[in-house]
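Trainee: I'm new to this one. Could you walk me through it?
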Amino acid sequence: MAQKRVLDPVDRVSEVIFGVLMAMTFIGAVSVGSEDLEVRTALAAALGCNVAWGLVDGIMYVVAQLTQRTREQSPQGKRARLGGDDWRGAFEVFLLVTASTFPLVVPFLIFDRLAPALLGSRLVALVMLFLGGWLLARYAGGNRWLAGAGMSAVGALLVGALMALGG
């Protein structure tokens with residue numbers, strides 16, 4: 001018998017989108033500070049960033065679960081408890097945010113120069129954002145092409161804004 005998923009489809013896709021945006025922001029910030037950015041530096045920076053944020057996001061998932069469970073309790077004074085699904089959900093969040101980094105660093109492994117590697121990474125990010133929008137629309141019963149294009153556009157604007165703000 002298959003184990004039920006802890007995170008719903010919207011949560012899973014949202015965590016990947018979050019991871020893509022975090023990695024793109026960090027790769028962009030590191031590349032601004034170093035014109036001769038090495039592949040290992042970009043890989044370590046993006047992965048380190050998303051591991052850290054995956055950990056933070058996973059912990060916040062547990063905090064949110066505990067807060068909600070405490071709020072829903074009828075008898076006051078009784079302690080809310082975390083279960084295995086809560087910890088599994090936190091681990092899933094961590095994995096999704098962390099794993100979303102890897103496609104974005106592949107161009108840094110292919111290209112020797114920074115400019116084509118950054119362009120390739122940004123194109124991969126736009127494709128991943130498009131797929132995220134597509135999957136959300138499929139789940140919701142909406143227009144997949146419009147949602148995919150919209151998510152790519154919003155992602156491009158967010159990354160641009162984040163980079164302009166120094167991130």
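Mentor: Sure, starting with a term: buried means under 20% relative accessible area, exposed over 50%, and partly exposed in between (1.4 Å probe, protein chains only). The model is predicted, so local features need pLDDT of at least 70 and side-chain atom pairs pLDDT 80 or more, while totals for chains, interfaces and linings use all residues. Residues count from 1 along each chain as its sequence is written, and side-chain values use heavy atoms, without hydrogens or water.

Trainee: Which residues of helix 4 are exposed on the other side from the buried ones?

Mentor: Helices are DSSP runs of H or I, at least four residues, numbered from the N terminus. In helix 4 (residues 102-110), L104, V105, P107 and F108 are buried. They share one side of helix 4 because they cover an arc of only 135° around the axis, taken from the directions from the helix axis to the C-beta atoms. On the other side, the exposed ones are L109 and I110.

Trainee: Which helix gives the most to the largest nonpolar core?

Mentor: A nonpolar core is a set of buried Ala, Val, Leu, Ile, Met, Phe, Trp, Tyr and Cys residues joined through side-chain atoms within 4.5 Å. Of the 18 residues in the largest one, V20, M24, I27, L104 and F108 touch the most other members. Helix 1 (9-33), helix 4 and helix 5 (114-140) each give two or more residues. With 7 residues, the top giver is helix 1.

Trainee: Is V56 in helix 2 buried or partly exposed?

Mentor: V56 sits in helix 2, residues 39-72. Its relative accessible area is 38%, so V56 is partly exposed.
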